Amino acid sequence: MMPTLPFKIFVVEDNEWYGELLVHRLGQNPNHSVLRFATAKACIEQLGEQPDFITLDYSLPDAKGEQVLRQIKERLPGVEVIVISGQEDVGTAVSMLRQGAYDYLVKDENTLDRLWNIVGKVEQQVRLRRENSQLRQQIGVRFGAGQPILGEHQSMQHVQTLITKAARTTITVSVSGETGTGKELVAKAIHFQSGRAAQPFVAVNMAAIPRELVESELFGHEKGAFTGAVARRVGRLEEANGGTLFLDEIADLDLSLQAKLLRVLQEREVTRVGGNQAVAFDVRLIVATHRDLLAEVQAGRFREDLYYRLLGLPIALPPLRQRGADVLLLAEVFVRDFCAQNNLPPRQLTDDARERLRTHPFPGNVRELKAVVELATVLADGELIDANDLPLRSGRAAMGASSGLSLREQTTAIVQNCLDELNGDVLAAAARLRIGKSTIYRMIQQQELRVG
Ligand SMILES: Nc1ncnc2c1ncn2[C@@H]1O[C@H](COP(=O)(O)OP(=O)(O)OP(=O)(O)O)[C@@H](O)[C@H]1O
């Protein structure tokens, strides 16, 4: 349910008796909040109150209707203004309507009723507009730039809470998590839930830009700053002005550039490469990394001062394999959306396929899951997607030194995969992996592995 906000009406009328009459009539609707002003000046001074509707007496002691209407429309172009005049004058009426008045009424015995009807109509339009924008906002909150962050696991609920809190201020946010866990999605959600949603969201991936170009990419350059700088280029920091700058893979930033970035962030102004004029900027910063940034600091690869400048509100995204049943929820949504986008009849995952997804370690996390189930949807023959349709890499191939998993997690995943392939046959798995069966039994006992 949308809260019913009052419909704010300004009555601008110097004739006290008539003004009070209008206030009384319009105030008969309990949702109306009506204020009267006897001069144009008093009304203009209170426009910050954001009225929804104004009745304007054409002849005020301190200004003529045209003047006041112009000032109102300059400040609040969306507000509807009804001009009320003591005289019938077609020329004036036309001129006022041209200037954007909603209607022009002449004071007679019907004025109050006509005004009442007009206010009713305008109020309905304003309420629809408000409802629309509230719904958009709510959609933005839930979906951040149109894409939902799915997940019911407690850890993801916590992430959603942090996103909401982060969006309320301009605090720097540092998002961490393995590849494909949704770091960029989180950054977008924060931006689109924040007051900066209508401003730019600029994403820069530090790992994707050649080292020698990072500085000019971030800070811009002047024409002729270096060979190849044929024209002036505004940097990404300036591009994000007023909005959000998302620096992905921040740990990949060169040490020398780390120092420059720190200075720029502290001074809140940037000088383009080859330039000598500092340009002020206002950006909300969100950084992300799949590495342990503190470990990078300890290893001397990341500046400690920059680390503390960037830490802000940390949001840690858990790997998909630690989100319980979310993997199935995500898989089902991805299948459903893919079918809808490609005009395919709806497809369902069989119990076997669900079990296979539930036990796969997904080193590529949500990105991998999405790719796997979409391909399975294409490969499936009928309306059922079976375990065999899932193009999952086997344990060893799926893992790798760069997967970001700890040794223990990799070991567990390899054993789990092997067990799955051998239908839970512990002895066969132990033989194939050349490990003792008691190792596997102990892992099952400690609930690191699932069987059956
Ligand atoms: N919770 C989620 N709900 C729905 N889709 C998700 C979720 N998390 C990630 N995705 C989807 O998974 C894909 C990867 O997400 P994203 O690019 O945000 O990950 P990332 O952590 O930034 O990856 P990288 O580390 O490679 O930069 C995207 O298609 C994204 O829409």
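**Helices, sheets and cores of a predicted model**

The buried residues of helix α13 are D326, V327, A331, F334 and V335, and because they cover an arc of only 160° around the axis, they lie on the same side of α13. This is a predicted model, and the points below take up α13 and its neighbour in contact, α15, then an open sheet of five strands in parallel pairing, the largest nonpolar core, with 38 residues, and finally strand β3, which is mostly covered.

**Helices α13 and α15**

- Helix α13 runs over residues 326-341, and its 16 residues reach 22 Å from the first C-alpha to the last, close to the 22 Å expected at 1.5 Å a residue.
- The cover over the buried residues of α13 includes α6 (154-168), β17 (348-349), α14 (351-359), α15 (365-379) and β18 (384-385).
- After α13 comes N343, whose phi is positive, near 50°.
- Helix α15 has 15 residues and reaches 21 Å between its first and last C-alpha, close to the 21 Å expected at 1.5 Å a residue.
- In α15 the residues N365, V366, L369, V372, V373, A376 and T377 are buried, and they are placed on the same side of α15 because they cover an arc of only 135° around the axis.
- An α-helix has 3.6 residues a turn, so residues three or four places apart point the same way.
- What covers the buried residues of α15 includes α13 and β18, just as α15 and β18 are among the elements that cover the buried residues of α13.

**The five-stranded sheet**

- Five strands form an open sheet with parallel pairing, in the order β9-β12-β15-β8-β16; its edge strands are β9 (201-205) and β16 (313-316), each of which pairs on one side only.
- From one strand to the next, the twist of this sheet averages 15°.
- The edge strand β9 pairs with β12 (residues 244-248) in the parallel sense over five bridges, and N205 has D248 in β12 as its bridge partner.

**Nonpolar cores**

- The largest nonpolar core has 38 residues, of which V175, V186, I190, L247, I250 and I286 touch the most other members.
- At least two residues of this core are supplied by each of α6, β8 (173-176), α7 (183-193), β9, α8 (214-219), β12, β15 (284-289) and α12 (304-311), with the largest share, five residues, coming from α7.
- Leaving aside residues up to four places away in sequence, I190 touches I163, A166, A167, V173 and I286.
- Apart from this core lies another, of 28 residues, among them F7, L56, L60 and A101.
- In soluble globular proteins, nonpolar side chains tend to be buried together.

**Strand β3 and its partners**

- Strand β3 (residues 53-57) is mostly covered, with five of its five residues buried.
- From β3, F53, T55 and D57 point one way while I54 and L56 point the other way, and all are buried; L56 is also among the residues of the core of 28.
- In a regular strand the side chains alternate between the two faces of the sheet.
- Strand β1 (residues 7-12) runs parallel to β3 and is joined to β3 by four bridges, with V11 standing opposite T55.
- Strand β6 (residues 80-85) also runs parallel to β3, through five bridges, and V81 in β6 is the bridge partner of I54.

Key: Residues numbered from 1 in each chain as written. Predicted model: local features only at pLDDT ≥ 70, side-chain atom pairs only at ≥ 80, totals over all residues. Pairing = 2+ DSSP bridges. Axes fitted to C-alpha atoms, helices over the stretch in contact; angles between N-to-C directions. Expected span 1.5 Å × (residues − 1). Buried ≥ 20, exposed ≤ 12 C-beta atoms within 10 Å, placed from the backbone. Arc of directions from axis to C-beta. Contact = placed C-beta atoms within 7 Å. Core = buried A, V, L, I, M, F, W, Y, C linked by C-beta atoms within 7 Å.
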